[in-house]
Amino acid sequence: MKKLLSSLLVFSAMLAANGADIKWHSADSLPLLGKGVDDAVTSTRYQRLPDSLKTKVKRDAVYYLSTQPAGMAIRFASDAPAINVKWNSLYKVEMNHMTPTGIRGLDLYTMLPDSSWTFVNSARPDLYSKSSNTRVIGNMEPVMREYMLYLPLYDGIDSLYIGIDGDYTLKAPAISLPEVEKPIVFYGTSLLQGACSSRPGIAHTNQIARRLNRQTINFGFSGNGQLDLEVADVIAAIPDPSMYVLEFVPNVNEEQIDTLMIPFVEIIEKAHPGIPILFVEDPQFPHGRFDRNMRHEIDYRNYLMKQKYDQLAARYPNLHFLSSADITGHDNEAYIDGIHFTDLGFIRYSDILEPILRSIIEPVVNNDTK
C-alpha cells in the first residue's frame with residue numbers, strides 16, 4: 001500500500017509539472033503594446049497593417065510581413081510562482097542566419113521597483129510544430145509582479161495563452177508603463193523588424209521602449225521598407241505620436257529616394273505639422289571595407305538621402321539626421337551576415353539612439369503636459 005501511495009504521489013507531481021493544473025488565460029483580453037492600427041481594421045489582433053493594404057500595396061510581401069508582430073508586447077500582472085505560455089505560429093518560419101527564438105519565440109520581462117525592466121526568460125518555440133507550449137519561469141516567490149511579454153519578430157501568431165498554476169491571479173497591469181500616449185513610430189527595413197536579434201526583447205525598438213518607458217511602434221518590413229506612400233498614410237494616421245524615426249535607406253534605390261522620400265514625409269507632416277522626424281543613414285556594413293562596389297553603393301544612397309533631407313529641412317522645422325558612422329562601433333563584430341545586427345549591434349545602436357530620442361521627445365511630452 002505504501003508503495004502504491006508513493007507511486008501515486010510521484011505521478012501526481014509529474015502531472016502538475018507537465019501542466020495538468022495550469023489555468024490558461026487568453027492574451028486577447030490583455031493590453032497590447034506596439035500596435036499602430038485599430039483592431040477593427042485587421043483580420044487578427046497581432047497584425048501591424050490594416051487588411052486594406054493587402055490590395056493597395058503592389059508587393060504582397062508588405063502585407064505578409066505585417067502579419068508578423070515585431071515590436072508588439074502583451075502587458076499583464078500576476079502573483080503566480082510560474083508563468084507558462086502556449087501559442088500557435090502562422091508560418092513556422094526558418095532562416096539560416098537567425099535563431100528560432102528570435103524568429104518565432106517570446107520574451108518575458110518584469111518590472112523592478114524603480115520602474116525599470118529586466119529580462120526573465122525566453123519561451124522557445126517547438127522546432128517541429130507550429131504549436132508551442134512551454135514553462136517560461138517557475139519556482140518564484142508568489143508576489144504580484146508586472147510583466148511584459150514580447151511577441152515574435154519574424155512569424156505571425158493566431159493564438160496566445162498565458163498559463164498560471166493553481167489559484168493564483170493573472171490580471172491586467174496595475175501600472176501603465178511603458179507610457180502608451182505619444183508613442184515613438186519607427187519605419188524601415190529588416191534591421192528595424194529585428195533581424196537578426198537572438199530573441200525579441202533585443203530588437204532596438206523593444207530596447208528603446210524599455211529604456212524610455214514609452215510605447216514604440218515598429219513598422220519595419222524586411223526587404224520592403226521602400227517608402228510606400230500607402231504605408232505613409234497608415235503611419236501618419238497614428239494619433240498624437242511624439243516623433244517618427246525613418247530607417248528606410250538600406251531597402252531603397254536611387255529612383256525611390258528621388259521620387260518617394262519627399263512625398264512620404266509630406267504625408268506625415270500634413271497629418272502632424274512640425275512633428276520631430278529622425279532620419280537614419282544606411283549602416284556602414286563591414287564587408288564594405290573590402291567590397292568597393294558595396295561601399296560605393298552605400299555611400300551614394302546616403303548622399304542622395306542627405307540631399308533630400310536638406311531640401312525637407314529647409315521647409316519643415318524639427319527634422320533631425322543621424323549619421324551611421326558610429327552606430328554599431330568600429331570593430332566589425334556587430335553583424336551576423338555582414339548586413340544584419342547581432343545582439344551586440346542592437347545594443348550598440350540602442351545606446352546611440354537612446355539619448356538622441358530622449359532629447360527630442362522630452363520637450364514634446366513636457367509641452368503637452370503644461
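This passage walks through the packing of a predicted model, from its nonpolar cores to its aromatic pairs, a buried glutamine and an enclosed strand.

A good place to start is the interior. The largest nonpolar core of the model comprises 38 residues, and those with the most contacts inside it are Tyr187, Phe219, Leu246, Phe248 and Phe279. Two or more residues of this core come from each of the following elements: helix 3 (60-66), strand 11 (179-188), strand 12 (214-220), helix 7 (229-236), strand 13 (243-247), helix 8 (254-271), strand 14 (277-280) and helix 9 (292-313). Helix 8 supplies the largest share, with six residues. Phe279 gives a view of the packing from a single side chain. With neighbours within four places in sequence set aside, Phe279 is in contact with Leu246 and Phe248, with Met261 and Val265, with Met305, Tyr309 and Leu312, and with Leu319, His320, Phe321 and Leu322. Separate from this core is a second one of 25 residues, which includes Met243, Phe285, Phe341 and Leu353.

Helix 7, one of the elements contributing to the largest core, can be followed in more detail. Its buried residues are Val231, Ala232, Val234, Ile235 and Ala236. The cover over these residues includes helix 2 (53-56), helix 3 and helix 8, together with strand 11, strand 12 and strand 13.

Aromatic rings come next. The model holds 13 aromatic pairs. In one of them, Tyr335 and Phe341 meet edge-to-face, with 5.5 Å from centre to centre and 75° between the planes. Both of these residues, Tyr335 and Phe341, are buried. Phe341 also pairs with Phe346: the ring centres are 5.3 Å apart and the planes stand at 75°, so this pair too is edge-to-face. Phe341 and Phe346 are likewise both buried. Through ring pairs, a cluster forms that links Phe285, Tyr335, Phe341, Phe346 and Tyr349. Two of its members, Phe285 and Phe341, were met above in the second core.

Rings also receive charged groups. The charged end of Arg199 is placed over the ring of Phe119, at 3.6 Å from the ring centre. Lys86 lies over the face of Tyr161, 5.6 Å from the centre of that ring.

Which polar residue of strand 12 deserves a closer look? Gln215 has its place in this strand. Its relative accessibility is 9%, below the 20% limit, so Gln215 counts as buried. The side chain of Gln215 has backbone partners: one of its polar atoms lies 2.8 Å from the backbone nitrogen of Gly34, and the side chain reaches the backbone oxygen of Val180 at 2.9 Å. Leaving out residues up to four places away in sequence, Gln215 touches Leu33, Gly34 and Lys35, as well as Pro178, Glu179, Val180, Pro183 and Ile184.

The last stop is strand 4 (residues 83-89). Six of its seven residues are buried, so strand 4 is largely enclosed by the rest of the structure. Strand 4 runs antiparallel to strand 7 (residues 131-137), and six bridges join the two. Within this pairing, Lys86 has Asn133 of strand 7 as its bridge partner. Strand 4 also pairs with strand 9 (residues 157-165), again in the antiparallel sense and over six bridges. Here Asn88 stands opposite Ser159 of strand 9. Lys86 thus appears in two settings, as the bridge partner of Asn133 and as the residue lying over the face of Tyr161.

How values were computed. Residues numbered from 1 in each chain as written. Predicted model: local features only at pLDDT ≥ 70, side-chain atom pairs only at ≥ 80, totals over all residues. Heavy atoms only, no water. Core = buried A, V, L, I, M, F, W, Y, C linked by side-chain atoms within 4.5 Å. Buried < 20%, exposed > 50% of the residue type's maximum accessible area, 1.4 Å probe, protein only. Helix = DSSP H or I, 4+ residues; strand = E, 2+ residues; numbered from the N terminus. Contact = heavy atoms within 4.5 Å. Phe/Tyr/Trp six-rings, centres within 6.5 Å; stacked < 30°, edge-to-face > 60°. Lys NZ or Arg CZ within 6 Å of the ring centre and 35° of its normal. Polar contact = N/O pair within 3.5 Å; in protein donor to acceptor, adjacent residues only side chain to side chain. Pairing = 2+ DSSP bridges.
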